[in-house]
Amino acid sequence: MPASRHAQPGRSQAPDSAAGADASPGCEGDHDPALTGAIPGTASEAVAASAAPRDFRPGALRCLLPALLLGCCALLGAITFADPYALPATPPVQALLINSYDQRMRWVRELTTEVEDELAPPDGNVLLRVENMDTKAVHDDAYFAAYAAMLRAKYAEVRPALLLCSDDHALNFLRRYRDTLFPGVPVVFGGANNFTQARVQGMSGVTGVTEEHYPYETAQFLLRAHPGVEEIFVINDYTESGRSTAAELAEALRPLEGRVRLRWNSDVPLDDLLRQVAALGPETVVLLGVYYSDASERSATYEEAGLRIAAAARVPTYCIMGFNLGGSMVGGKLVTGQSQGHIMAELGRRILAGEDPASISVRRGPGEFLFNYQQLRRWRINEDSLPPGSEVVERPFSVYRAYAREIHVIAAFVAAMIVTIAALVVVMRHRARTEAELRKLRNLLGNILDSMPSVVVGVSPEGRIIQWNRQAVLMSGVESSAAMGRSLAEVFPYLAPQLPRVREALDRQAPVHGDRLTRTDNGVPRYEDVTVFPLAANGMEGAVIRLDDVTERERVREMMIQTERMLSVGGLAAGMAHEINNPLGGILQAVQNVLRRIEPGRAANDEAARAMDCTVEQVRDYLERRGVLRMAAGVREAGLRAARIVANMLNFSRRSTSSHMECDIGALVATAVDLAANDYSFRKDHDFRRLRMDVRIPPDLPRPACLATEVEQVLLNLLRNAAQALAGFTPPDGAPPTITIRAEHRPEGVAVSVADNGPGMPPEVRARVFDPFYTTRPPGEGTGLGLSVAFFIITQNHKGTFAVVSEPGQGATFTFTLPLGGPS
C-alpha cells in the first residue's frame, strides 16, 4: 500500500492520499525528507579524552576485567552476525505503480501491498511510487488526457526505471501515453482480462500477468460437495466488465450443460436481486462473478455487494474473486490481488536486474482454492474433501496466530543463540558429520557387498581377511566379526589355494581368473568361478576374491548342447524315416503282388498253373500247408506297422503351425502311445514293451481347439516320465507296472490324466516337479525340462491348467485341462 512505508535515510516517502476528505485517489504527493545528521564526536575529542589523567585505585583492576570480558563478547557477536557480503548504500531505483481503481478496493490494497513487500522491501534499493486512477468513477478519453497531464507535471523531474499497472484501464492508459510520458520505460501489467498479444501490439518492453477466472473448477468442486444440486444461479452485474466476465463464465461453464442447469440473473436493482437470492431452494447454489453496479446504476464496492448477496442467500454461495471471500461466502478457486502482485513484483525484479522484457513471456494468472472455515462447517463440507493445496481462512482463535509476532521474536532469539553456540562448536560438528558420512559410506558399501549373490572376500597381501560379505558368512558359517583379521586359510580353507593369485594380481595390476571349482551341495554338483581383483590405493594393498556360482549357467550351456544334439538327432531320424519309406513301400508292394499271383479266378494265374500241369488251388493248398501264406501275411502286417511308425515319426518331427484346430483327443493319445512304444532305452530300464497301457477315452468326448503336435509332445513327455518312474520298480500289490490314460468332459474343458502305479513323490519333489532344470535322476540322464515344457505348453499356449497328485508309494497322476473353444 502507498503511504505505509516508514521513513528511511535515502528513501522518498509518499504521504497517504486519504488523509484529507477531498483528496482524490491517485493524487498522492511525493516528497523527499531532508537528510540531516549529527556527528557525535571528533577524533581530537577522543584523543583528549584518552589523554586525560586517571587516578587508578586498587578496585580499578577488578572493574577492568569484566569490561574486557564484555568487550570480547561484543566483538565475537559482531564477527558472528556481520554480513561479509554487505555493499555500500546506492541511490534507490524509482518504480511507479498505476492502479486502475482506488485504494478502497480490497483487490487494489492486496495487490499494492504485495508489490511493495516483494519489489520494494524496507531493506531493498527500490523506491515504489503509487498512483490510483479511480476509473470505476470515470474512465473517458478526457479523464485519461487530464490524468496524463497530471503525471507529466508531477514526474517531470523523475524518470522511473520501471512501470507497473494493474487492471485493464491502467494498461490501456499506458498503451496510449507511455511513449509520451515515460518513453522507453519497461511495463509490467497485472489483472488484464481476456488478454491477447494484440492489446500490446506495437508497444515495446511489455510483459505481465493476465487475470484468469476459474469458474469451472469451482463448479466442479461445489457439485461434488453438494450432490443434490440441480441448478447454479450465476450472478454478474451488467457493467462493461460484468458483461465481459459473464461471457467468460458462460464459455467456461459450457461443459456442465446437461449435467446441471445454469441460470443467470437479470439486470434488476440490487434489492430485487437479493429477494431473488433469498427465495432460492435447496437444489440451487449461487456462483458470484463480479458485481459492482445494479440496474439503477447504484454502485457499491465489490466486497459490499458480495457480502450482501451471500448474507441474503439461504443456500451455499461461491465466488471466483478473492476479495469476495468473507461473511457467508464459502469460497472457490479464486484469483487474488496477492497472487497478481507477487508475479508482477517477480517480473519487475527480473527487469530491474537487467533482463530484457521482450524475452519474458506473459504469465497466465494463477488461481488458488480458498475456503471460509465457518461456511465449511455450516454446509457440512469435510476439509478432507477439499482439492489438494486448498487453504482455509477464518479459523477459530489459536495462540500461535494471536501471538505469532511474539513467538517469532522468541524463536528468532532462540535461533540466534543456537547459531552462536553452533559457531563455537563448528569444528566438532564438522568432525562429527565427517565421521557420520564415513559410517554411512561404510554401511552402504557393506550393504552393497552383502546384497551380492557372490562370495566377496577382501584380503591383505599377507592373506589376512579385511572384508567379509554375507554370502561368505552363509558359505563358511563364520560371522564377519569372527573372520576379520584372521588368516583366510584358517577361516575359509576352500579359498586358501587362491592366495598365490593375490600377489599375481597385485604385480600385474589386473584381475586374475582362477580355475573353475567344483563342489557337491546336498548331492548336487555346484560349479564356481574365482576372480581376484587387485587393490592398491591410498597406501593400502590387498585384493578382493570373488566366488561366483555358475551352476545355472553351466546347466543352460549343457542344455543348449543337448538341444542342438537332439535337433540333429531329430533331423537325422526324420531323414532316415523318409528314406526307409522307399524300400518299405517296395516290400509291401512285392508282398501284395505275391498274394495276388496265387489268387484263384485270375486268368493269368490259371494259365500259368495249367502250363505247370496243375491248378491255382493246388498251388495255394501247397503254400498253406507249408505256411508260406501265413509268413507272407506276417511280412505284410510287419511292413504296415513299420509304415505307421515312420508316418508318426514324420508327423511328430514336423514344425507345428500357429493355428489352433479342433482335435480328436483319442487320436492324439493313440499317436503318443505309438510313439512312446518305440522309445526304448539302451539300458532297458524303461522299455515300454514291459508296461501295461490302460487307455480309456470316451467316444463322444468333445473336441477342444489345440495344436496337435504340442499336445502330442505333452502326452509323450508324461508317458516317458511315467515309464522312467516305473523302471526297475515292482508295485507292492503285485500288479504289473501300468500306465493309465483317461479323458473326460468337465465344465472347464476336456481333462486328460496320465497315471502310474510307481513309487510316487515326496512333498518336496512334488512342489518343484514343474521347475525348469529340476530332475531327480543322476547327472547325464535328464535335463529336467520335460515336465516344465509340458506345463508351459498347456498353461501358456493353450490357457489350460496342469496339476499333479502324488504320495510316496501311491504312484503319480498328472492331469491337464484343455478349454473348449480354444485359448482366450
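**Close-up views of a mixed sheet and a nonpolar patch**

**View 1. Arg692 meets Thr738, its bridge partner in β22.** This is a predicted model, in which local features need pLDDT of at least 70, side-chain atom pairs count only at pLDDT 80 or more, and totals for chains, interfaces and linings use all residues. Numbering starts from 1 along each chain as its sequence is written, and side-chain values use heavy atoms, without hydrogens and water. Strand β22 spans residues 738–746 and runs parallel to β20, joined to it by 5 bridges. Strands are DSSP runs of E with at least two residues, helices runs of H or I with at least four, numbered from the N terminus; two strands pair if DSSP finds at least two bridges between them.

**View 2. Here is the open sheet of 5 strands, ordered β20-β22-β23-β25-β24 with mixed pairing.** β20 (692–696) and β24 (801–806) each have a single partner strand, so these edge strands are left with one side lacking a neighbour in the sheet.

**View 3. Helix α24 (residues 708–726) packs on the sheet.** Its contacts (heavy atoms within 4.5 Å) take in β20, β22, β23 (749–756), β24 and β25 (812–818). The direction of α24 makes about 175 degrees with that of β25; axes are lines fitted to C-alpha atoms, for helices over the stretch in contact, with angles from 0 to 180 degrees between N-to-C directions.

**View 4. Helix α26 (residues 786–797) also packs on the sheet, touching β24 and β25.** The direction of α26 makes about 140 degrees with that of β24.

**View 5. Val399 lies in helix α12 (residues 399–402).** Val399 counts as exposed because its relative accessibility is 53%, where exposed means over 50%, buried under 20% and partly exposed in between (1.4 Å probe, protein chains only).
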